Amino acid sequence: MGVRPLRSHHLGIGLLVAALSLTGCAATVVPAESALSVPGTGKAAPAAVQTTPVRAVKITSIKTTDATKGVLTVVGSITPAPAAGSRVSLQRWSSTGRKWIEIGHGPTKGTSITIPPTVPGSVASYRLYIGAQAPYGAASSSAISFSHYVYRGIFKKPLLATGGKGHPQFTVVPPAEGPRRAEAEVIADKAGVVWGDIDTTGCRWVRTWLGNLTDGTVRVSLLNGAKVVGAVAMAQETETWLNRDILGVTRLRLQVADVKSGYGPIVAVDALLLCTN
């Protein structure tokens, strides 16, 4: 009688130990947090990926609107529309500084922006840029290359050479007296010729006012090497214009020759070049 209860007691303990062992194995096979973990981090995975809204900036028009003053007008669009009056920058790429430099700015109106800065002539890349505005980050347009032609004095750059015959004098008015760098006086003896070579690299048009101050007829010519680009005969004490397309001409000669006078040609010059430099 005493042995049988003891055996039942031992059997019950054995069954309990086996049950606990099986329960422990099941707990280690599938950890409770394994389904919410990112492998190798031990951190909970984000419920959703967060993205920053994108703002589109585009140049829709770029053109020189005043070649005399040098006004470059750039029109663009910005979507979605920023707050009214938001500041947008017009930038030009600096090849020397290797960076974008602001040359003008303006306020937005709806999705539109118009910026008309006055700047020197250039061949450069331009872009529009707007700073960050929650929830949008800063954004810029694609760069656009543009040739901005502006009128400048024909003598802004020094003459490449002068010459002629009969005591030729090609005198450019000094900066203190002619800051536009557009004026000169050319003189020679009777039957003489006077000329000056001008650096016209990057230029496409020349606009020349001429005043004949001598007592006879002279002939004024524009030459590209030996080729005559344009010429005009001027009677005594008259004025005229000599304007020509000079696209591709890098060395333009302005020449005055005596046709028939008592003491030789005397001509006043006031000329401009349309250039990107």
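In this predicted model, Phe155 is buried, with a relative accessible area of 2%. Its partner is Phe170, and the two rings form an edge-to-face aromatic pair, with 6.0 Å from centre to centre and 75° between the planes. Phe170 is likewise buried, at a relative accessible area of 12%. Phe155 belongs to the loop between strand S9 (150–153) and strand S10 (161–165), whereas Phe170 is part of strand S11 (residues 169–172), so the pair ties together parts that are 15 residues apart in sequence.

The structure holds two aromatic pairs. Besides the phenylalanines, Trp93 and Trp100 come together with ring centres 5.4 Å apart and planes at 65°; planes over 60 degrees apart count as edge-to-face, so this pair is edge-to-face. Trp93 is partly exposed, with a relative accessible area of 29%, and Trp100 is partly exposed too, with a value of 25%.

Aromatic rings also meet charged groups. The charged end of Arg253 is placed over the ring of Trp195, at 3.5 Å from the ring centre. Similarly, Arg207 lies over the face of Tyr151, and here the distance to the ring centre is 4.4 Å.

Tyr151 appears again among the neighbours of Leu273. Leaving aside residues up to four places away in sequence, Leu273 touches Val150, Tyr151, Arg152, Ile154, Ile198, Asp199, Thr200, Cys203, Trp205, Val206 and Ile246. Which residues have the most contacts inside the largest nonpolar core? They are Leu210, Val220 and Leu273, in a core of 27 residues. Two or more residues each are contributed by strands S12 (183–187), S13 (193–199), S14 (203–212), S15 (217–224), S16 (227–234), S18 (251–260) and S19 (266–275). Strand S19 supplies the largest share of this core, five residues. In soluble globular proteins, nonpolar side chains tend to be buried together.

Another core lies apart from this one; it has 18 residues, including Ile62, Val74, Ile78 and Ile130. Val74 also offers a way into the sheet, as it stands opposite Ile115 in strand S5. Strand S2 (residues 71–79) and strand S5 pair in the antiparallel sense over four bridges. They are part of an open sheet of three strands, ordered S1-S2-S5, with antiparallel pairing. Strand S1 (56–66) and strand S5 (112–115) are the edge strands, each pairing on one side only. From one strand to the next, the twist averages 15°.

Conventions: Residues numbered from 1 in each chain as written. Predicted model: local features only at pLDDT ≥ 70, side-chain atom pairs only at ≥ 80, totals over all residues. Heavy atoms only, no water. Pairing = 2+ DSSP bridges. Axes fitted to C-alpha atoms, helices over the stretch in contact; angles between N-to-C directions. Core = buried A, V, L, I, M, F, W, Y, C linked by side-chain atoms within 4.5 Å. Buried < 20%, exposed > 50% of the residue type's maximum accessible area, 1.4 Å probe, protein only. Contact = heavy atoms within 4.5 Å. Phe/Tyr/Trp six-rings, centres within 6.5 Å; stacked < 30°, edge-to-face > 60°. Lys NZ or Arg CZ within 6 Å of the ring centre and 35° of its normal.
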